[in-house]
Amino acid sequence: TTQSIVVDSSANYWVKVTDGNGCEASDTIGVTIYSLPIVDLGSDTEQCGGTVTLDAQNSGSIFEWNTTATTQRIEVDSTADYWVRVTDGNGCESRDTIGVVVYNLPTVKLGLDTTQCGGTISLNAQNTGSSYEWNTSATTQTIETDTTGEYWVKVTDGNGCQSSDSIQVTIHSLPTIDLGQDTAQCAGQVTLDAQNIGSNYEWNTTDTTQSIVVDSSANYWVKV
């Protein structure tokens with residue numbers, strides 16, 4: 001019964017006005033109140049690497065993202081705040097914003113598969129300050145190994161992001177060479193045998209055979 005009213009529903013509204021003289025007049029108005037599009041990009045999100053799909057819903061509407069995209073869905077892989085404005089078929093607008101954090105994955109490179117003769121090899125997972133899990137049960141950034149096998153490490157950085165890498169290590173045993181004790185004898189010959197049948201031999205006598213016969217006093221060496 002007031003001069004003005006506030007309405008929020010679609011309907012036909014009429015009013016009858018009676019003035020101080022008892023005279024009456026009336027009027028009717030049709031009011032249509034469209035629902036705003038519901039835009040919900042979800043809660044702020046954090047993840048390790050990859051992409052995040054943002055969906056503005058409201059198929060068939062007009063979309064305006066702060067990335068300049070105009071599609072209903074976008075894929076993002078960078079840390080930033082993203083917002084979208086949605087305009088539906090009635091010209092009604094809504095918008096929403098989401099904060100996205102995409103952490104870089106740790107870069108783990110143990111190197112190319114390697115082969116060497118004897119000794120040890122050092123494997124380094126880099127990423128100082130991270131957590132390390134090797135298939136040897138070690139938890140250090142670097143390990144030393146002298147055994148043939150496949151080695152892998154999983155690295156977890158301060159953001160909880162993980163990466164892994166593996167390497168095949170082949171360490172061949174060195175040939176075992178034993179020419180025996182230094183020897184002295186009266187005249188005659190001495191046979192020196194480098195063993196390791198099928199190998200290549202290099203004596204300081206220039207011989208290239210597995211065994212040699214010597215009859216002179218000297219120091220003799222062989223490389224197999």
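Guide: A disulfide is taken here to be a pair of cysteine sulfur atoms within 2.5 Å, and by that rule the count in this predicted model comes to one disulfide.

Visitor: What makes Cys48 and Cys161 a disulfide?
Guide: The sulfur atoms of Cys48 and Cys161 are 2.1 Å apart, and since the cut-off is 2.5 Å, the pair meets the rule and is called a disulfide. The two partners belong to distant parts of the chain, 113 residues apart, with Cys48 in strand 3 and Cys161 in the loop between strand 13 (149–156) and strand 14 (162–172).

Visitor: Why is the disulfide of Cys48 and Cys161 called left-handed?
Guide: The torsion about the S-S bond of Cys48 and Cys161 is about -80 degrees, so this disulfide is described as left-handed.

Visitor: How do you know whether Cys48 and Cys161 are buried or exposed?
Guide: Buried means under 20% relative accessible area and exposed means over 50%, with partly exposed in between. Cys48 has 33% relative accessibility, so Cys48 counts as partly exposed, whereas Cys161 is buried because its relative accessible area is 0%. By the same limits, Cys92 is buried at 14%, while Cys186 counts as exposed at 79%.

Visitor: What makes strand 3 and strand 5 edge strands?
Guide: The open sheet to which they belong has four strands in the order 3-8-7-5, with mixed pairing. Strand 3 (45–48) and strand 5 (62–65) each have a single partner strand, so one side of each is left without a neighbour in the sheet. From one strand to the next, the twist of this sheet averages 25 degrees.

Visitor: How do you know that strand 3 and strand 8 are paired?
Guide: Pairing requires at least two bridges between two strands, and four bridges join strand 3 to strand 8 (residues 93–103), so the requirement is met. These two strands run parallel, and Thr45 stands opposite Val100 in strand 8.

Visitor: Which residues have the most contacts inside the largest nonpolar core?
Guide: They are Leu54, Trp65, Val76, Val84 and Val100, in a core of 15 residues. Strand 4 (52–55), strand 5, strand 6 (73–76), strand 7 (80–87) and strand 8 each supply at least two residues of this core. A second, separate core has 14 residues, including Ala125, Ile143, Tyr151 and Val169. In soluble globular proteins, nonpolar side chains tend to be buried together.

Visitor: Why does Gln72 count as buried?
Guide: The limit for buried is under 20% relative accessible area, and Gln72 has 17% relative accessibility, so Gln72 falls within the buried class. Gln72 lies in the loop between strand 5 and strand 6, and, leaving aside neighbours within four places in sequence, is in contact with Leu54, Asp55, Ala56, Gln57, Ser59, Phe63 and Trp65.

Visitor: What makes the approach of the side chains of Gln72 and Asp55 a polar contact?
Guide: A polar contact needs a pair of N or O atoms within 3.5 Å, one able to donate a hydrogen and the other to accept it. The contact that joins the side chains of Gln72 and Asp55 is 3.0 Å, so the distance satisfies that cut-off.

Visitor: Which strands are the edge strands of the open sheet with the order 9-14-13-11?
Guide: In this open sheet of four strands with mixed pairing, the edge strands are strand 9 (114–117) and strand 11 (131–134), each of which pairs on one side only. Strand 11 and strand 13 pair in the antiparallel sense over four bridges, where at least two are needed, and Tyr132 stands opposite Val155 in strand 13.

Visitor: Why does Thr145 count as buried?
Guide: Thr145 has 7% relative accessibility, which is under the limit of 20%, so Thr145 is classed as buried. Its place is in strand 12, whose covered face holds Ile143 and Thr145 and whose uncovered face holds Thr142 and Glu144. Strand 12 is joined to strand 10 (residues 121–124) by four bridges, and the two run antiparallel.

Visitor: With which side chain does the side chain of Thr145 make a polar contact?
Guide: The partner is the side chain of Tyr151, at 2.6 Å, and this distance lies within the 3.5 Å cut-off. The side chain of Thr145 also reaches the backbone nitrogen of Thr147 at 3.3 Å.

Conventions: Residues are numbered from 1 along each chain as its sequence is written. This is a predicted model: local features need pLDDT of at least 70, side-chain atom pairs count only at pLDDT 80 or more; totals for chains, interfaces and linings use all residues. Side-chain values use heavy atoms; hydrogens and water are left out. Axes are lines fitted to C-alpha atoms, for helices over the stretch in contact, and angles run from 0 to 180 degrees between N-to-C directions. Buried means under 20% relative accessible area, exposed over 50%, partly exposed in between (1.4 Å probe, protein chains only). A nonpolar core is a set of buried Ala, Val, Leu, Ile, Met, Phe, Trp, Tyr and Cys residues joined through side-chain atoms within 4.5 Å. Contact means heavy atoms within 4.5 Å.
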